[in-house]
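This report covers disulfides, selected residues, one helix and the internal cavities. The structure is shown first.

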Amino acid sequence: MSSSSFRKSIFSGVALSALAISGIAYAQEADDADVIEVVEEAEEAESRQDKVVVTGSLLRRDEFSSSSPIQVITAEVATLEGLVDTAALLQGSSLAAGSTQLNNTFQNFVTNGGVGTQTIDLRGCGDTRTLVLLDGKRPGPSGTRGAVSALDLNIVPQSIISRIEILKDGASTIYGSDAVCGVVNIITRDTVDGFEINGSLTQPEDSGGEQYSVSAAYGFSLGDNADFTLSAEYRLSEELDISDRDYLDCPQDLVRDPNTGDLLDRLNFSATASDPRVACNNLYHNTVIDAFSGQRLVPSPDGVTRPTVFGGTIPGYGPRRNGVDPNTGRNFYEDILDAPFLDNQDVFPRNENIALFATADVDLGDIAWDTELLYSRRETNVEGYRQFFPFVGSSQTPFGFLPQYGYISDPTYTNSMNSLVRPVMPFATFDNIIVDYFYGSTSLSGGFGDFLPDWSWKVDGTYSRGEGTYEGNEILASKSGDWGLDGVQDVTGDGIPDALAPPSIDFLDPFYLSGDGLAELQAAVGGVQKGSTEYEQTTLTAVVAGELFELPAGPIGLGLGAEFREFSIDDQPGALTQLGDIWGSSTAGPTVGTNTVYEVFAEVEVPIFKGQPFAEDVTFNGSVRAFDYDLGGSDSIYKVGLNWQINPILRARSSFGTSYRAPALFELFLDNQTGFQSQTAIDVCVDWGESTNQNIRTNCAAAGIPDNYTGAGSSALISTSGGGDSLESETGESFTAGIIYTPTFADLNIALDYYEIELNNQITTLSGAQIVGGCYGGTTFPNDFCNLLDRNSGTNPTAPFSITEVRASTLNVDSQQQRGLDLTVRYENEFNFGSVVFDANVNWALERYINVFGSDFNIGVNDLDFNGVIGYPSVVGDASVRLDRGDWTYTWFTNYVGRQDNNRNFADDLNEPSSYFGLQGLYKVHTEAEFRHGASIRWQGDTLSITGGIRNIFDEQPPQVSDIIGTSAGNTPQSGTGYDIRGRRAFVSVSKTF
């Protein structure tokens, strides 16, 4: 049975046979629980008098009830588990821990929002498909660079949070675009009694990664009709360097003998090695490569100067030797891959946040006026290193043209190597990011008096503005002296290619090669630039809701609304980037654009049965939304749900709906960004004679490319840009079905939900390798992907068959499907020794399927189901046990991350022996399952509360993988964000009210 048929048969069966699935309906007060699955207990319904609006609905109701599953996380969790910021609170939840989260370990990557941004991605659909609300309203995103799209969680001070409601399925009909895979509604405190101050400290057992926060709040009233709160928070996360943890400072190959399990990694015989077995690959440098012979000069282990094949020398250097150590049978190397100055590379950058928050609730008689103001500033500072490897010419250079690199200009100066060479030097980098965020929201609400006593209205207006600056240093192309650029770039903009001047320093001097002259190298070839990003959003929303008329089972509820939203971006990269005067980095132009949307929406809730056998309470819910974007098209979507209280102990719920996501501004307007990639990095036709992929063999041969084509030639130009008005909105479907068990013999709630999400026409920017793979990997050749690349003919005199350019514009191209189960268990009971509460949340992902090109493509990936690969564990969970005894609270909390294995997504079985420098070895491409525990104790008096505890109490270290996987530091997998990098740490928090 297909997924669609399965979904529809389940939903029909629910509707016809009274086993439809219900929404979670009852939750204790937010401050009384840690993590709550909202589940209604029938006996509570009659006692509730106040009507509330829950996440995912327009309608006010007598109790928490919904046909969609909701999870509630209270602010108390942060205190009892030592979580310092909003990102940690959300990203560690079971709904997020099963996918890679954008956190502070990605500072060396181009990410949405820029360096330091932290977002939330539910279900692994992507952070642009998870909508984050603040008190039910949509704040705009902020960040730096052109790709700003999702809310940066850094802007929300944790001290203002009362609770967080997480809707586990799509809600585009209620909230619009981006609410595809879930909605996170951060609900703030609406009252503060007097003055309070809070402070917290998190101190790792080893230095580095300390976290501090201080907050204060004051609440006051003016008469009986106006309440105000003022809050302020300061938060600091210190940097964590690679040298601060043993498991972060020494990346290794991690290849083992398949028979003995012994490590096969190459031995370190370099001049700087103190122990051959310590082979850390942090940065390849201190090397000079001869462009013609390929010979490499490195510091001689014995200190003896030896000449190259052309007779050139560098004092203390000699030709590199690699080979097999006769004593151990292991390979060795003499390259320099590590140095002490690399120890201060950041794993976590330094992050400093300050936030101010104010609320006003004013009663104007029949009208309520509510206002919120938020200001936040984030400063992020990053330190790192990169390579600098220009071509350096000589008067003895024997050729004017080099087949691998194209034309080389006439020599104008000499070097000691008597050849065209490429020195590889370290270059220190820094980035300083400042983001100021302003948010204001005001609402007027009221009723219609005696004319429509059961109806209410509300009008909201919100405005947000993010202002970011990003400053960093670059290597200037105009000062690089790189012969590979000479006569190619027009830095001055006069239309004539510039002849680059010789470098002002000797790049072959060991002072620069070794990294001893980092400051001097920066002064000679470096420059500093600053870019700026502004993102504005204005939203106006109006809603009326009430009861139409009574049915035997209760009144019919109806909500109607309209919304207008305008959002714009203006990203101005630094002058060096816009001029193209940067070496070895992407260039980019401004990203500027505006989009608007007009939307109307409605929700209806119809009670079908009440007080009947096997149908104590049956309610149907439906909602629709129509939208019209200036860019992104117009359409309509719908959602239906059924909530069925079968008997006092069993409730079922189900929902099915369609969704959409309009193109983000950067996907529309991103200006051309250019970079370079080597032929071997992008071209699937390199050595296609060795490929086992029949499509690639057939299509590369049809293109006339030799089966032994080596990919020699200069790097290909990769141009990335927004899709403009050719982009369409993404579409999707979501389905949930669940059952809730609340036995009468115990205060126990068990909820099990099945979910399925299907996304189509996904917006993405393909990589150069994906586009080339799409061209030659399909059953149809040539195809549309082939139109996105240019390849030289076989008769080209300089670089036959080389790819010259790949145009990677943003496209509607891929699809995604996810299926899984959520289990929530909550038990509480009063014993003679105190009150015990147990909470557990588990997510089982059954399938995560992504198809980039279409079903007819075969690009060498065995399985497009990426469920269970590193970063996307199949099973994650969290649990806590809490004992309240008088003034004391004792908590034990646990997080679980399941085993992950990248082997399933490779055509070559990496769990089988593979070639490693002439030997057969096993790569480690999996991570082990991990339980991570913590504990805390809290004493709470009348005006003072003190909490202390330990996170990662058994000091579980992140699993280590072979570096072919992609690692953030050491052999820690970059995408494995569910693991703890800081290690065991103590925390303490103090709260005082006056």
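A disulfide is taken here as a pair of cysteine sulfur atoms within 2.5 Å. The model is predicted.

## Disulfides

By this cut-off, four disulfides are counted. With bonded cysteines counted along the chain, their pattern is 1-2, 3-4, 5-6, 7-8. Three of the links are described here, with their sulfur distances and torsions in the table.

| Pair | S to S distance | Torsion about S-S |
|---|---|---|
| Cys125 and Cys181 | 2.1 Å | about -90 degrees |
| Cys250 and Cys280 | 1.9 Å | -95 degrees |
| Cys775 and Cys786 | 2.1 Å | about 95 degrees |

The torsion of about -90 degrees makes the disulfide of Cys125 and Cys181 left-handed. Cys125 sits in the loop between α4 (86-91) and β5 (131-134), and Cys181 in the loop between α5 (172-175) and β7 (183-188), so the bond ties together parts that are 56 residues apart in sequence. Cys125 and Cys181 are both buried.

For Cys250 and Cys280, the sulfur atoms are 1.9 Å apart, and this link too has a left-handed torsion, at -95 degrees. Cys250 belongs to the loop between β11 (240-241) and β12 (255-256), whereas Cys280 belongs to the loop between β13 (267-268) and β14 (287-290); the pair therefore ties together parts 30 residues apart in sequence. Cys250 counts as buried because its relative accessibility is 18%, under the 20% limit. Cys280, at 8%, is also buried.

The disulfide of Cys775 and Cys786 is right-handed, because the torsion about its S-S bond is about 95 degrees. Cys775 lies in helix α12 (residues 768-776) and Cys786 in the loop between α12 and β37 (789-791), 11 residues apart. The relative accessibility of Cys775 is 1%, so Cys775 counts as buried. Cys786 is buried as well, with a relative accessible area of 13%.

## Helix α11

Which residues of helix α11 are buried? In this helix (residues 694-702), they are Asn695, Ile696, Asn699 and Cys700. The four cover an arc of only 115 degrees around the axis, which puts them on the same side of α11. In general, an α-helix has 3.6 residues a turn, so residues three or four places apart point the same way.

The buried residues of α11 pack against α12. Helix α12 is also the element that contains Cys775 of the right-handed disulfide.

At the N-terminal end, α11 is capped by Asn693, which has a side-chain oxygen 3.0 Å from the backbone nitrogen of Asn695. Asn695, whose backbone takes part in this cap, is itself one of the buried residues of the helix. After the helix comes Gly704, with a positive phi near 80 degrees.

## Thr889 and Asp725

Is Thr889 buried or exposed? With a relative accessibility of 4%, Thr889 counts as buried. Thr889 is part of strand β41 (residues 888-897). The Thr889 side chain makes a polar contact of 2.6 Å with the side chain of Asp884. Leaving aside residues up to four places away in sequence, the residues that Thr889 touches are Leu80, Arg882, Leu883, Asp884, Ser936, Ile937 and Arg938. Asp884 thus appears both in the polar contact and in the list of touching residues.

Asp725 is located in the loop between β34 (716-721) and β35 (730-741). Its relative accessible area is 68%, so Asp725 is exposed; the threshold for that class is over 50%. Asp725 and Asp630 are 95 residues apart in sequence, while their C-alpha atoms are 9.0 Å apart in space.

## Cavities

Rolling a probe the size of a water molecule over the atoms shows where empty space is left. How many cavities of 30 Å³ or more does the structure hold? There are nine of them.

The second largest cavity has a volume of about 300 Å³. It is lined by 25 residues, of which Arg138, Pro141, Ser149, Ala150 and Asp178 are the closest to its centre. At least two residues of the lining are supplied by each of β5, β26 (526-551) and β27 (554-572). Strand β5 also bounds the loop that holds Cys125.

Technical notes: Residues are numbered from 1 along each chain as its sequence is written. This is a predicted model: local features need pLDDT of at least 70, side-chain atom pairs count only at pLDDT 80 or more; totals for chains, interfaces and linings use all residues. Side-chain values use heavy atoms; hydrogens and water are left out. Buried means under 20% relative accessible area, exposed over 50%, partly exposed in between (1.4 Å probe, protein chains only). A polar contact is a pair of N or O atoms within 3.5 Å; within protein, one must be able to donate a hydrogen and the other to accept it, and residues adjacent in sequence count only if both atoms are side-chain atoms. Contact means heavy atoms within 4.5 Å. The arc is that of the directions from the helix axis to the C-beta atoms. On a 1 Å grid over the protein atoms alone, a cavity is a set of points where a 1.4 Å probe fits but cannot get out, and a pocket is an open set with protein on both sides within 12 Å along at least five of seven lines; lining residues have an atom within 4 Å of a point. Grid points are joined across faces, edges and corners, and a volume is the space filled by probe spheres set on the points.
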